[in-house]
Amino acid sequence: MANPAHVSKVRALYKRILQLHRFLPVDLRALGDQYVKDEFRRHKSAKPGEVTSFMIEWEGYRDTLQTQVLETASRGGAGVYGTVLSEEKLKQFQDEQFSQLYELMLESTKPNTQFHIQE
């Protein structure tokens with residue numbers, strides 16, 4: 001059974017990321033929410049070494065997104081989200097991660113009408 005403190009930390013991170021997604025444009029929010037849900041679900045039974053890396057990366061995402069959301073709010077709404085992946089970071093990727101990154105790129109560059117979301 002998983003350590004209750006760890007489970008609580010993972011849930012808090014998951015919840016905070018979904019809260020931050022509320023500030024994204026509707027199409028990015030839908031894509032981001034689904035991706036986060038899939039990734040956290042996929043890593044429920046990950047090995048300890050993978051869990052550490054997983055948490056570090058998602059905590060970094062949370063911090064970056066929080067900064068970008070705050071900057072967007074201070075500018076009055078129009079913001080830029082995302083970050084450039086360094087060559088060093090890309091060298092650490094496994095084949096599956098490249099595949100996921102490619103799929104994410106394809107999804108994020110589709111026309112906004114793909115989601116059929118009404119506000």
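A residue counts as buried under 20% relative accessible area, as exposed over 50%, and as partly exposed in between. The legends below use these words in that sense and describe a predicted model.

**Figure 1. Overview of the five-helix chain.** The predicted model shows a chain with five helices and zero strands. Followed along the sequence, the elements give the pattern α-α-α-α-α. Along the principal axes, the C-alpha atoms occupy a box of roughly 45 × 30 × 30 Å. The chain has 119 residues, and 18% of them are buried. Eight salt bridges are present in the structure; three of the close-ups below each present one of them.

**Figure 2. The largest pocket and the helices around it.** This pocket has a volume of about 1,600 Å³. Its lining consists of 38 residues, and those nearest the centre are Tyr 35, Trp 58, Phe 93, Leu 101 and Leu 104. The helices α2 (26-42), α3 (48-75) and α5 (95-108) are the elements that each give two or more residues to this lining. Helix α3 provides the largest share, with 11 residues. Sorted by class, the lining of the largest pocket comprises 16 nonpolar, 16 polar and six charged residues.

**Figure 3. The second largest pocket.** The volume here is about 480 Å³. A set of 15 residues lines the second largest pocket, and Val 7, Val 10, Phe 40, His 43 and Lys 44 lie nearest its centre. At least two lining residues come from each of α1 (4-21), α2 and α3. The largest share belongs to α1, which supplies five residues. In the lining of the second largest pocket, eight residues are nonpolar, two are polar and five are charged.

**Figure 4. A nonpolar patch on the surface.** The patch is formed by Leu 85, Phe 98 and Leu 101, which together have about 220 Å² of accessible area. Leu 101 belongs to helix α5, and Phe 98 is likewise found in helix α5. Leu 101 counts as partly exposed because its relative accessibility is 32%. Phe 98 has a relative accessibility of 36% and is therefore also partly exposed. Leu 101 appears in Figure 2 as well, as one of the residues nearest the centre of the largest pocket. For orientation within the chain, Phe 98 is 83 residues from Lys 15 in sequence, and their C-alpha atoms are 26 Å apart in space.

**Figure 5. The salt bridge between Asp 33 and Arg 29 in helix α2.** The two side chains meet with an N to O distance of 3.5 Å. Asp 33 and Arg 29 are four residues apart in helix α2, so about one helical turn separates them. Asp 33 is buried, because its relative accessibility is 14%. Arg 29, with a relative accessibility of 33%, is partly exposed. The view thus pairs a buried acidic residue, Asp 33, with a partly exposed partner, Arg 29.

**Figure 6. The salt bridge between Arg 42 and Glu 39 in helix α2.** The side chains of this pair meet at 2.5 Å, N to O. Arg 42 and Glu 39 are three residues apart in helix α2, and about one helical turn therefore lies between them. Arg 42 has a relative accessible area of 44% and so is partly exposed. Glu 39 is buried, because its relative accessible area is 7%.

**Figure 7. The salt bridge between Arg 75 and Glu 71 in helix α3.** An N to O distance of 3.7 Å joins the side chains of Arg 75 and Glu 71 in a salt bridge. The two residues are four apart in helix α3, so they are separated by about one helical turn. Arg 75 is exposed, because its relative accessible area is 53%. For Glu 71 the relative accessible area is 39%, which means that this residue is partly exposed.

How values were computed. Residues are numbered from 1 along each chain as its sequence is written. This is a predicted model: local features need pLDDT of at least 70, side-chain atom pairs count only at pLDDT 80 or more; totals for chains, interfaces and linings use all residues. Side-chain values use heavy atoms; hydrogens and water are left out. On a 1 Å grid over the protein atoms alone, a cavity is a set of points where a 1.4 Å probe fits but cannot get out, and a pocket is an open set with protein on both sides within 12 Å along at least five of seven lines; lining residues have an atom within 4 Å of a point. Grid points are joined across faces, edges and corners, and a volume is the space filled by probe spheres set on the points. Ala, Val, Leu, Ile, Met, Phe, Trp, Tyr, Cys and Pro count as nonpolar, Asp, Glu, Lys and Arg as charged, and the others, Gly among them, as polar. Patches are made of residues with over 30% relative accessible area and no salt bridge: like charges are joined within 9 Å, nonpolar side chains (Val, Leu, Ile, Met, Phe, Trp, Tyr) within 5 Å. Accessible areas come from the Shrake-Rupley method with a 1.4 Å probe; for residues, only the protein chains shown count as cover. A salt bridge is a side-chain nitrogen of Lys or Arg within 4 Å of a carboxyl oxygen of Asp or Glu. Buried means under 20% relative accessible area, exposed over 50%, partly exposed in between (1.4 Å probe, protein chains only).
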